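Open the model in your viewer and keep the selection tool at hand. The stops below run from a small turn to whole domains and back to a single residue.

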Amino acid sequence: MPEALVTLSLRVNGDDVRVAVRPSQTLLEVLRVGLELTGTKQGCDKGDCGACTVLLDGEPVLACLTLAVTCEGRVVQTVESLTREDPLVDAFDCHGAGQCGFCTPGMLMTAKGLLAKHGRPSRETIKQAISGNLCRCTGYGPIVEAIAAAGEGRRGKKDEEPLPAPLPSWEAPKP
Amino acid sequence: MSGLIGKAGRRGDLVQRALGSTRFTDDLHLPRMLHGKTLRCPHPHARIARVDASKALAMPGVAAVITGKDLPERFGIIPWTPDEHPLALEIARFVGDGVAAVAAADERTAAKACEAIEVVYEVLPSAVELDTAITKPEIGLGAKRQDNVSKAVDLAFGDVDAELAASEVVLEGDFHFEGTAHVPIEPHCAIAQVDAAGLLTVWSTTQVPHYLHRELSRVLRLSPARIRVIQPPLGGAFGGKSEPFGHEFTAAKLAMITGRPVKFLMTREEEFYLHRGRHPMRLSFKVGARADGTLTGIDARTQIDGGAYSSFGLVTTYYSGQLLTLPTTAKSYRFSSTRYFTNKPPCGPKRGHGSVQPRFAFEVMLDRLAERLKLDPIELRRRNAVAADSKTINGMRVTSNGNLECLAKVEAASGWKERRGKLGFGRGLGVASSAYISGTNYPIYPNEMAQSAVQLKVDRSGVVTVFNGASELGQGTDMLLATIVADELGLPLDCVRVVSADTDLCPVDLGAYSSRGTFMNGNACLAAARQVKAKLIAAVAAKLEVPEDAVFVTRGALCVKGREGDAVPVDEAIKLAEARFGALGAVGSYKTPPKLGGEYRGGTIGASPAYSFSAHVAEVQVDVETGVVDVVNVWCAHDCGKALLPTQVIGQLDGSVYMGVAEAIFEEHLISPSGLHRGPNLLDYRIPTSLDVPAIHSMIVESMDPEGPLGAKEAGEGPLHSSIPAVANAIYDAVGIRLSRLPFSPGRVLEALQQRGRG
């Protein structure tokens, strides 16, 4: 018997959305497939890797272990809500705090949740906070440094290097 | 040169990946797409007597089911040893071998349909353990079914027996490594689609789109002209995506049958069964030396557990010996390596293919020799170092060589002289050094064509597009090529776009393996960029009526020596050049110099246009109560020729050390006697978290390779090798135990400590 669909209302990245879900569906599936927010990654689908971390009412949660129906009326924030001007994102870029980038969205959301609670977390606190987010490329050092820099309001060790310019306004030359 | 090369700075391309605008393979969703699942064999070795899919086919939502008979052609990455079927044809050779595949409306339906397929197996005698494969040849897993041997290599250079007999000291040692997995965070995924004109397109998480293209053509019996392979950016690979996999063929076949796109996404459990991880090896080493520390002979015997299929096994078997003659050498060398088939998930190449395990054994032997000879282990390595611009004992040409500088750097940075042996019981320092290839001169299938090619298309808007076949895995090839082009042409980095790894759009590259990317792609790209640059210079010279050699490129403009006021912006220069020469573009390619390597069978395997060098010092704290080894610091110096993108190079060094230390102290890919994986998930097969990693101190050494692009060599695999033996030697310095079996888990450490106490 196919499961009956349930209508779910939640706030995702500032938008109120209504989406039909099956009771057995995870928040990860609804985000990635239903809402096409593919920035949240599926690494293990078992709660072991942290790649699917999103903020639920401001708290980092594993979307693969969260049933979508438990999110009724709640506020979800995914990596799509961040921009490159975000000091945390910028610090990741400046520090080389990611290589393949597959764990990075989850890592960023965990870090967002941490920085919202502790303005200036110590490196030990950062290591504890991201210990559920597995990275296979970096050895974690640059990630810890990037989060620390963002917490201290520094952009990164390359503060002198400007942020890439946003698309400038441009006028076509007169023929 | 306009100043972009060699600058530490932004990663550059991370933002798109970080914020979700990069589309990884599983992020692609095509209209009417079906989802595939594979039914896998539950026995380590079985004959497939009967498959009945009628119940599965009758389920609502199921579009098609295929079995081995639908794809009878064999495939394999090495053209001499194609021994895999997309789905087992008659015999399944390991728990996890594919038997049937389903395409259905969604993943759950496909998984349920797999359960509804009835298979009758006749269980066959199996060799799950390496010992069984060695002692029971009658199981017949080998090509001729007479034994279980996959490949045997015996090579000798110089008179090892005579040299050892005349040595003051000869030490023997046995070593054991049980295998590890790559564990990229992105699982394998493939999507196939056939369009109305009959073109098959396959998007896949592959490091080798070109070889996948060839194998798809062979297995599907479809002209390569009717196949397009696209490799989206990868979420890590580490060698685990460097050969064709069954699901790439089953996705294609099911798309051809159903006329709808089909996606296969591997579960984390399936990842551990697809495997292709680092080979388990048992190594027996004998090394001799004179009293002055001169190494006289190395005699290595290695048994390799290959798992169920050949994979890259032929190369692995050679690499287990061929890559040990650098950076430290002896007067004579002999190795005998045999790879056996077992009924386990197939092994393949993992970062530092075939050479990480023997490097562990050899570097520990050197540490023991140094102790016996009362020599500093770094000094022992110095005395036996291979020189720059020389030839190794097995005939490999060495050009640039930063080995001694690497050793000096880690010696100084770690406080080696002041601290080693003086840190008190429980804490110690250990050293190791190693070398690795920057690609090999031998393409996987013999041919005289380019190994890598890059095409540039120059647009009037001032944008240059780089079409290249290389595979971006996160290691940074796209940014590397963009930077080379931007630097040569004086363009801003964001005016260079890179389109990579699409067989319809991009010229060939053989793949992201053997650490060949920077060297081969980089050279191809530089050759193309310099052709465009010559045209820009010619056009500007003609316009300004100056000789061409007076024009040079700076950031943003072409200038004339002595007439800086006459600068022509690069986008203007592009227009001038297009008006003068017609549409602007260029193709550059790279092929290794001929005749690299030794003049004997197998002498080209391991021959590289350039070798990278690494040295590591590890500092450990051993808890003698619990046996826990805490790797506190690792100093890693690596000679990458020239660091074109220092942030990326440091990232490769950090990542290599991280991965090597994990293999030293806790990762172990264990298969139970029944053929089942001991823990095919990330909780049981634990990879390091942020709380488990040492402080990594990565240092770049630049030897400026004469043939590398702007002097560069590899950095992605070499710096892993020395991590493991450096930790092993540090444990000895800390508590006086020699551990011969990896990983150095608490139980093994305690056992060794107790034996030492008794002894």
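**First stop: a hairpin in chain A**

Select A:V12 and A:D15: A:V12 stands opposite A:D15, which belongs to strand 2 of chain A. Bear in mind throughout that this is a predicted model. Now widen the selection to residues 6–12 and 15–21 of chain A, which are strand 1 and strand 2; they pair in the antiparallel sense over seven bridges. Together strand 1 and strand 2 of chain A make a hairpin with two residues between them. One residue to click in the turn is A:N13, whose phi is positive, about 50°.

**Chain A as a whole**

Show all of chain A as a cartoon. Its secondary structure comes to five helices and five strands, and along the sequence the pattern reads β-β-α-β-β-β-α-α-α-α. The C-alpha atoms fill a box of roughly 60 × 60 × 25 Å along the principal axes. Of the 175 residues in chain A, 54% are buried. Among contacts in chain A with a separation of 6 or more, 59% are between residues 24 or more positions apart.

**Where chain A and chain B touch**

Next, display both chains and select the residues in contact. On the chain B side there are 42 of them, in contact with 42 residues of chain A. Which elements of chain B each supply at least two residues to this side? They are helix 1 (14–18) and helix 17 (646–665) of chain B. Helix 17 of chain B gives the largest share, seven residues. Coloured by class, the side of chain B that touches chain A shows 19 nonpolar, 14 polar and nine charged residues.

**The domains of chain B**

Colour chain B by its domain assignment:

- domain 1: 25–124 + 184–237 + 241–274
- domain 2: 281–442 + 597–758
- domain 3: 450–590

Keep domain 2 and domain 3 of chain B in view. Their C-alpha centres lie 38 Å apart, and 21 residues of domain 2 are in contact with 16 residues of domain 3. On the domain 2 side, strand 18 (427–437) and helix 17 of chain B are the elements that give two or more residues. Helix 17 has thus come up at two stops: it supplies residues to the side of chain B that touches chain A and to the side of domain 2 that touches domain 3. The domain 2 side divides into 10 nonpolar, eight polar and three charged residues.

**A five-stranded sheet in chain B**

Hide chain A and select strands 7, 15, 14, 13 and 8 of chain B. They form an open sheet in the order 7-15-14-13-8, with mixed pairing. At the edges are strand 7 (149–157) and strand 8 (169–177) of chain B, each pairing on one side only. From one strand to the next the twist averages 5°.

Zoom in on residues 295–305 and 332–340 of chain B. These are strand 14 and strand 15, which run parallel and are joined by nine bridges. To find one matched pair, click B:D305, which stands opposite B:Y340 in strand 15 of chain B.

Now add helix 9 (residues 313–322) of chain B. Helix 9 packs on the sheet, touching strand 7, strand 13 (281–289), strand 14 and strand 15 of chain B, and its direction makes about 30° with that of strand 7. Then add helix 10 (residues 356–372) of chain B, which lies across strand 8, strand 13 and strand 14 and runs at about 145° to strand 8.

**Helix 10 against helix 19**

Keep helix 10 of chain B and add helix 19 (residues 723–735) of chain B. Their axes come within 8 Å and cross at roughly 35°, and the crossing is right-handed. To see the contact, select B:V356, B:R359, B:F360, B:E363, B:V364 and B:D367 in helix 10, which meet B:I724, B:P725, B:A728, B:N729 and B:Y732 in helix 19. By class this contact has seven nonpolar, one polar and three charged residues.

**Last stop: B:E707**

Select B:E707, in the loop between strand 28 (695–701) and helix 18 (718–721) of chain B. Why does B:E707 count as partly exposed? Because it has 18 C-beta neighbours inside 10 Å, whereas a buried residue needs 20 or more. Beyond its neighbours within four places in sequence, B:E707 is in contact with B:T399, B:P609 and B:A610. For a final distance, select B:A116: its C-alpha atom and that of B:E707 are separated by 58 Å, with their positions 591 residues apart along the chain.

Methods
Residues are numbered from 1 along each chain as its sequence is written. Chains are lettered from A and ligands numbered from 1 in the order in which they are written. This is a predicted model: local features need pLDDT of at least 70, side-chain atom pairs count only at pLDDT 80 or more; totals for chains, interfaces and linings use all residues. Two strands pair if DSSP finds at least two bridges between them. Helices (H or I, at least four residues) and strands (E, at least two) are DSSP runs, numbered from the N terminus. Axes are lines fitted to C-alpha atoms, for helices over the stretch in contact, and angles run from 0 to 180 degrees between N-to-C directions. Two residues are in contact if their C-beta atoms, placed from the backbone, lie within 7 Å. Ala, Val, Leu, Ile, Met, Phe, Trp, Tyr, Cys and Pro count as nonpolar, Asp, Glu, Lys and Arg as charged, and the others, Gly among them, as polar. Domain bounds come from an automatic or database domain assignment. A residue is buried if 20 or more other C-beta atoms lie within 10 Å of its own, exposed if 12 or fewer, and partly exposed in between; C-beta atoms are placed from the backbone. A crossing is left-handed if the near helix is turned anticlockwise from the far one by less than a right angle, and right-handed if clockwise.
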